[in-house]
Amino acid sequence: MNRPGERIAAIDVGSNSVKLTVAEYDPGAGLVVIEEAEDRPRLGAGLARSGRLGDTEMRRAIESLARMREICRRHGVTRVAAVGTAALREAANGAEFVARVRELDIPLRMILPETEAALAYRSAAYHFPGSHRTLVADIGGGSLELIGAENGAVTLSHSLPLGAVKLTELELPLAELGERIRRELEPILPASEWRGSRVIGLGGTFVTLGSMMLARPGPSSRPLHGITVTTAEVHRLMSSLAALRPEQRRQVAGLHPQRADIIVAGSAVAAELLEAVDAADVRVSGFGLRDGLLLEMVGLE
């Protein structure tokens, strides 16, 4: 049962980052964010080659989670939901990592792709109500979750191996990368069915694209959540970033330095997806999987 003033937390353990949101539940205001934290231990680095989580990456992720546990304790959190996504699902030692995290008193669980997609859609539907046809895209480090809905009913749900970390490690030229992404998207996104859909983008790639747009020609006071990025702008950013060396990308306004090496691959996924459904633009969500978890914990639709 939800109690007024109860503090809860959601943790998302992804292929690239580990993220925490601490929130307070208020019957009138809903969820009020108390604190957020994020580290980028790159848990899924090298997974495609070895099939396992690396010792160094696991150690970094566990250190991040230990810090987040202390944040929860400091804020008097009474309930925690923690989930692991593509990296844990695919790694031969994913269950071993989950067991080590549970020793920290963090109830981490691996979730199936359909659960991950449902949580992403729950967040998007809550923050972007309405619209006849909506396509929600969540680009993570290890996978792309795609959820399509018509009049509020989900009719499409797919998890594709198109994560920004996974694609970056293929070291493909941009043209070949685009071809690979199109081959994955074409069978599940017939343009005749999804052309003109409202597209909502979740995850670090879309947030970064929005942040870079807001940062030009200088810092903006406009909120990131809900900002619209045109398909033409996505292509322009992708092409300009691809032409830069990684060290040059780290200097780009609005682009977090730790995302500089994977943003081109993530942008390519965003660009190909928008082209596949002939979308004019994408609306960026400032919320994502953790938000879906919190909404689930308090029973908000």
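This passage describes the sheets, helix packing and pockets of a predicted model.

Residues are numbered from 1 along each chain as its sequence is written, and side-chain values use heavy atoms, with hydrogens and water left out. As the model is predicted, local features need pLDDT of at least 70 and side-chain atom pairs count only at pLDDT 80 or more, while totals for chains, interfaces and linings use all residues.

Helices (H or I, at least four residues) and strands (E, at least two) are DSSP runs, numbered from the N terminus, and two strands are taken to pair if DSSP finds at least two bridges between them. An open sheet of five strands follows the order β3-β2-β1-β4-β5, and its pairing is mixed. Since β3 and β5 (108–110) stand at the edges, each with a single partner strand, one side of each is left without a neighbour in the sheet. The twist in this sheet averages 20° from one strand to the next. Within it, strand β1 (residues 7–13) pairs with strand β4 (residues 79–84) in the parallel sense over six bridges, and A9 stands opposite V80 in β4. Helix α13 lies across β1, β2, β3, β4 and β5, running at about 140° to β1, where contact means heavy atoms within 4.5 Å, and where axes are lines fitted to C-alpha atoms, for helices over the stretch in contact, with angles from 0 to 180 degrees between N-to-C directions.

A further open sheet, also with mixed pairing, is formed by six strands in the order β8-β7-β6-β9-β11-β10. Its edges are held by β8 (153–160) and β10 (228–230), each with a single partner strand, so one side of each is left without a neighbour in the sheet. Neighbouring strands are turned by 25° against each other on average, direction ignored. Strand β10 runs antiparallel to strand β11 (residues 281–284), to which three bridges join it, and T228 has R283 in β11 as its bridge partner. Helix α5 (residues 113–127) lies across β6 (133–139), β7 (144–150), β8 and β9 (198–202), at about 55° to β7.

The axes of helix α9 (residues 204–214) and helix α12 (residues 263–276) come within 9 Å and cross at roughly 95°. This angle makes α9 roughly perpendicular to α12, a term applied to angles of 65 to 115 degrees. T205, F206, T208, L209 and M212 of α9 make the contact with I263, G266, S267 and A270 of α12.

Pockets were sought on a 1 Å grid over the protein atoms alone, a pocket being an open set of points where a 1.4 Å probe fits, with protein on both sides within 12 Å along at least five of seven lines, and lining residues having an atom within 4 Å of a point. Grid points are joined across faces, edges and corners, and a volume is the space filled by probe spheres set on the points. The largest pocket has a volume of about 960 Å³ and is lined by 49 residues, of which K19, G203, F287, G288 and R290 lie nearest its centre. At least two lining residues each come from β2 (18–26), β3 (30–39), α5, β6, α9 and α13 (289–298). The second largest pocket holds about 210 Å³ of space, and its lining includes L167, P173, R249 and D261. To this lining α6 (164–168), α7 (174–185) and α12 each supply at least two residues.

Notes:
Angles under 35 degrees count as roughly parallel, over 145 as roughly antiparallel, 65 to 115 as roughly perpendicular and the rest as oblique.
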